[in-house]
Amino acid sequence: AMSPEHRTKVMYIEDYADIREPLAALLYAHGYDVALAADGMEAMEALERGDPPSVILLDLLMPGIVGQSLLDWMRSDGRFAGIPVAIVSAVPQYAPAGVKVFRKPVAAPALLEFLRESTRTPEGAQPTS
């Protein structure tokens, strides 16, 4: 297995632990480093602290700062605007246009494929594995 510092970091923002924890375990088992946030404020604070993730998975309906507001904030900030985001939601009809959406319960193969596509090493870069 790759050492943690060579793992691609995924942030998953979801208020229900019973959804958050199994998905985090799945991603970790597939070689990702997973940062979890229970709500939008926690996610903002984690992003502000630095070490941004390579990709973000975002629930839409959460207490406090909802997913759409978090997405708007990220996109208005040059530090985070380029991070690929996918919505993971039971109500995908509320997702903003132009964003990849996964309906809960998430089909793991499709999600893993999205993560591979989103975090592909650019041509000419040195792979870290």
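**A buried charge network and its surroundings**

At 3% relative accessibility, D59 counts as buried, where buried means under 20% relative accessible area, exposed over 50% and partly exposed in between, with a 1.4 Å probe and protein chains only. The model is predicted, so that local features need pLDDT of at least 70 and side-chain atom pairs count only at pLDDT 80 or more, while totals for chains, interfaces and linings use all residues. Residues are numbered from 1 along each chain as its sequence is written, and side-chain values use heavy atoms, leaving out hydrogens and water.

D59 forms a salt bridge with K104, with the closest N and O atoms 3.2 Å apart; the term denotes a side-chain nitrogen of Lys or Arg within 4 Å of a carboxyl oxygen of Asp or Glu. Because D59 lies in the loop between β3 and α3 and K104 in the loop between β5 and α4, this pair ties together parts that are 45 residues apart in sequence; helices (H or I, at least four residues) and strands (E, at least two) are DSSP runs, numbered from the N terminus. K104 also meets the side chain of E14 in a salt bridge (2.7 Å, N to O), and E14, D59 and K104 are thus named as one linked network of salt bridges.

D59 is also among the residues in contact with I13 (heavy atoms within 4.5 Å). I13 is one of the residues with the most contacts inside the largest nonpolar core, which has 23 residues; such a core is a set of buried Ala, Val, Leu, Ile, Met, Phe, Trp, Tyr and Cys residues joined through side-chain atoms within 4.5 Å.

Technical notes:
Lists of a residue's contacts leave out its neighbours within four places in sequence.
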